[in-house]
Amino acid sequence: MNHTVLIAAIGLLSTTTIFAQTVSGPLIVVEDRGGDSALPYYQSLNPQPDQATPPAPMPAPRVGNAADAEAAMLPVRSTQLSPGEVQRRVNRAPGLTALFLIGDDERSRAWLRQRQTALRELQAVGLVVNVESMAALTALRSLAPGLSLSPASGDDLAQRLGLRHYPVLITSTGVEQ
């Protein structure tokens with residue numbers, strides 16, 4: 001059945017293409033004022049490299065490593081989020097990758113130590129929403145090896161999900177602490 005539909009669709013497409021090519025006539029020029037060639041205007045742009053002069057050396061782009069890029073993002077401050085208690089609630093977001101929000105505070109550190117095994121099993125991605133320095137971020141990472149922790153503002157996410165506090169785990173089925 002599917003093969004018949006596919007063959008019919010290909011036949012219809014080719015027939016439509018042939019019909020469109022035979023019906024359309026020569027192009028009709030609406031207006032041609034003639035005039036001078038625009039080539040002199042484009043020659044000043046020199047689109048073709050001149051063979052007599054070598055091209056100017058291009059400076060190599062400055063490539064930093066990932067740690068430099070991450071350090072440039074710091075400090076991260078999420079003004080709409082603070083450490084506190086989060087009420088468990090149902091979330092309906094099929095396909096959402098598990099993620100968690102923490103900060104550089106004692107409550108988040110204790111939560112991370114306690115939940116790290118479950119977070120690894122969920123393959124949850126961590127966002128550190130309040131952290132001042134690379135040293136603080138590194139210290140958080142050392143508490144939960146194998147978990148991905150990235151500095152990022154959580155304000156947009158907090159607004160969309162109605163969150164005020166962290167640490168919090170967000171999955172496709174719920175929001176919990």
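R77 comes out as exposed, since its relative accessible area is 51%, just past the cut-off of 50%. This is a predicted model, and R77 is a handy way in, as its side chain meets that of E132 in a salt bridge. From there we can go on to the other charged pairs, then to helix α5, strand β3 and the nonpolar cores.

**Salt bridge between R77 and E132**

- The N-to-O distance for E132 and R77 is 2.8 Å.
- This pair links distant parts of the chain, 55 residues apart: R77 sits in the loop between α3 and β1 (82–83), while E132 sits in the loop between β4 and α5.
- E132 has a relative accessible area of 46%, so E132 is classed as partly exposed.

**Salt bridge between E70 and R141**

- E70 belongs to helix α3, which spans residues 66–72.
- Here's another charged pair: R141 forms a salt bridge with E70, and their closest N and O atoms are 2.6 Å apart.
- Because R141 is in helix α5 and E70 is in helix α3, the pair ties together parts that lie 71 residues apart in sequence.
- E70 counts as buried because its relative accessibility is 15%, and buried means under 20%.
- R141, for its part, has 25% relative accessibility and so counts as partly exposed.
- Setting aside neighbours within four places in sequence, E70 is in contact with R141 and also with M134, L137, L149 and P151.

**Other salt bridges**

- The count of salt bridges comes to eight.
- D156 and R160 make a salt bridge through their side chains, at 2.9 Å from N to O.
- Both D156 and R160 lie in helix α6 (residues 155–161), where they are four residues apart, or about one turn of the helix.
- D156 is partly exposed, given its relative accessible area of 44%, whereas R160 counts as exposed because its relative accessibility is 66%.
- There is also a network of salt bridges, which links D104, E106, R109 and R113.

**Helix α5**

- The buried residues of α5 are A136, L137 and L140.
- Look down the axis of α5 and these buried residues fall within an arc of 100°, so they line one face of the helix.
- Over on the other side of α5, A135 and S142 are exposed.
- The cover over the buried residues of α5 includes α3, β3, α4, β4 (125–130) and β5 (148–151).

**Strand β3 and its partners**

- β3 is mostly covered, with five of its five residues buried.
- Both of its faces are covered: L99, L101 and G103 are buried on one side of β3, and F100 and I102 are buried on the other.
- β3 pairs with β4 in the parallel sense, over five bridges.
- Within that pairing, V128 in β4 is the bridge partner of I102.
- Together, β3, α4 and β4 make a β-α-β unit, and that unit is right-handed.
- β3 also runs antiparallel to strand β7 (residues 168–170), joined to it by three bridges.
- In β7, the residue standing opposite L99 is I170.

**Nonpolar cores**

- The largest nonpolar core has 18 residues, and the ones with the most contacts inside it are F100, I102, L112, L119, V128, V131 and L149.
- β3 (99–103), α4 (106–122) and α5 (134–143) each supply at least two residues of this core.
- A second, separate core has 11 residues, including L101, V129, A158 and V168.
- If you want one residue to centre a view on, try I102: not counting residues up to four places away in sequence, I102 touches S108, W111, L112, L127, V128, V129, N130, L140, L149, Y166 and P167.
- L149 turns up in several of these lists: L149 is among the contacts of I102, is in contact with E70, and is one of the residues with the most contacts inside the largest core.
- L140 is another residue to keep in sight, as one of the buried residues of α5 and one of those touching I102.

Note on methods:
Residues numbered from 1 in each chain as written. Predicted model: local features only at pLDDT ≥ 70, side-chain atom pairs only at ≥ 80, totals over all residues. Heavy atoms only, no water. Buried < 20%, exposed > 50% of the residue type's maximum accessible area, 1.4 Å probe, protein only. Contact = heavy atoms within 4.5 Å. Core = buried A, V, L, I, M, F, W, Y, C linked by side-chain atoms within 4.5 Å. Arc of directions from axis to C-beta. Pairing = 2+ DSSP bridges. Right-handed = clockwise from strand over helix to strand, strands pointing away. Salt bridge = Lys/Arg side-chain N within 4 Å of Asp/Glu carboxyl O.
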